[in-house]
Amino acid sequence: MKFLHAADIHLDSPLRGLDRYEGAPADEIRGATRKALGNLVSLAIDEDIDFVILVGDLFDGDWPDFNTGLFFVQQMARLGLQNISVYAVRGNHDSESKITRKLPWPKNVHFFSSRKPESITLDDIDVVLHGQSFATSKVIDDLALDYPAAVPGKINIGVLHTSLDGREGHATYAPTSLNVLKSKGYDYWALGHVHKREVVNTGPLIVFPGNTQGRHIKETGSKGCEVVTLEGGILRTEHRSLDVLRWHSIEVDVKGATDLDEVFERTRKALGGIAATVEDRLTAVRVSVVGRTDVHAMIASQPDAFREQVRALAIEVGQGSVWVEKVKVTTAMLVDVAALKERNDPLGELVHQLEILAAGDRQALEALASELQSLRQKLPAEVMQNAEGLLLEDVQTLQRLCASLGPDLLSRAFNQGPLS
């Protein structure tokens, strides 16, 4: 027995964050989630899968038009031609209440009820599936509590879209615990909602497969599904990649670099490491350039030119398969901070005050917050348009800013140019 477990396809969800620039693979990006679903179907056929489980958020919300639904129907029909059944639950993005447009699904596709847990028995392979869809987009009850106990003598599989006991970056939906899941006596829990692959438990197997296609820089690494096989009475799962565009984040440390050629050589080497792993898929990379260096002034004085040079390196090294999502520069000039603190002038006082603020002196931070609030009230509205969410009256925010922006202030004081 072999089945495929996937979740969070988010069909036709736009990929975000890749700047538009000459040569950027806009068409490939636009169709990435569709191609990933096509890869899933091809994998199921090639592996002679017995059935497919899809665990919620197949869609990214209500369809903008029927084309999204029609593409899904087309892909499910491909599976139907190979006698592969599909069992799916709805999640928070594609709940019963969220998807208003309707199409008749192919006969091989079954969506679990949203009213109560539903059990489906596959007699020919001694499998029972237990699942429940989301009726609305905000399910806060523990749905797993009402799932039935395992059917004796069968392989029991639970299908649940859930945040489990909480996962960073994911809203709390259908929360539950490992103890609740284990208490059901199932052999496998097919989970969805969390976009990062995680084998939560091995006995029984409780698995988040992650989403099938990363959509932005926070969803890095391989994205795909699980192929689960029953061998010798034991279930084993294996991750399979489906993504057509993969996101990476790399850091280039230019500490001690003496010229731009050295900076670009280090960047080339880092990009080359990514290019060696791309296989036959496109790769979007965020390049973060960090470190104290004498070259800081040259980088900071022409940030646009530096960014385009990094993009050119990526195109060259990746031979058209590696694209730069963003270039972040947080370099700083080489400064002897200890020597500066000894100076009896405004620069020495600046270093001293930054050290106090970064250390979290509450009195000093509150005084700074008061000064900044007064300044903020005098600034024109257009200046503050991009400052939404910047809580300058919050002492913890100010402490973090003082710790991170200290090198920038010193660079400006030395006329070395601002950081990008």
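A pocket, as meant here, is an open set of grid points with protein on both sides within 12 Å along at least five of seven lines, and its lining residues have an atom within 4 Å of a point. With that in hand, let's walk through this predicted model, starting at its largest pocket. Its volume comes to about 530 Å³, and 24 residues line it. Nearest the centre you'll find Glu-168, Gly-169, His-170, His-195 and Glu-219. Look at the make-up of that lining: eleven residues are charged and ten are polar, with three nonpolar ones making up the rest.

Now step back to the whole protein chain. It holds eleven helices and 15 strands, and 48% of its 420 residues are buried. Take the contacts between residues at least 6 apart in sequence: 70% of them link residues at least 24 apart. On the outside, the chain exposes about 20,300 Å², with 49% of that supplied by carbon and sulfur atoms.

How confident is the predictor? The chain averages a pLDDT of 87, and 87% of the residues score at least 70. Residues 415-420 are another story, as pLDDT stays under 50 there.

A few backbone spots deserve a look. Most residues other than glycine have a negative phi, and most peptide bonds are trans. Gly-203 and Pro-204, though, are joined by a cis peptide bond with an omega of about 5°, and Pro-204 sits in the loop between β9 and β10. Asp-12, in the loop between β1 and α1, has a positive phi of about 70° and is partly exposed. Asp-126 has a positive phi of about 55°; its place is the loop between β5 and β6, where Asp-126 is partly exposed at 38% relative accessible area.

Notes. Residues numbered from 1 in each chain as written. Predicted model: local features only at pLDDT ≥ 70, side-chain atom pairs only at ≥ 80, totals over all residues. Heavy atoms only, no water. pLDDT = per-residue confidence, 0-100. Contact = heavy atoms within 4.5 Å. 1 Å grid on protein atoms, 1.4 Å probe; cavity = no way out; pocket = protein on both sides within 12 Å on 5 of 7 lines; lining within 4 Å. Points joined across faces, edges and corners; volume = space filled by probe spheres on them. Nonpolar A, V, L, I, M, F, W, Y, C, P; charged D, E, K, R; others polar. Helix = DSSP H or I, 4+ residues; strand = E, 2+ residues; numbered from the N terminus. Buried < 20%, exposed > 50% of the residue type's maximum accessible area, 1.4 Å probe, protein only. Areas by Shrake-Rupley, 256 points an atom, 1.4 Å probe, with all protein chains shown as cover.
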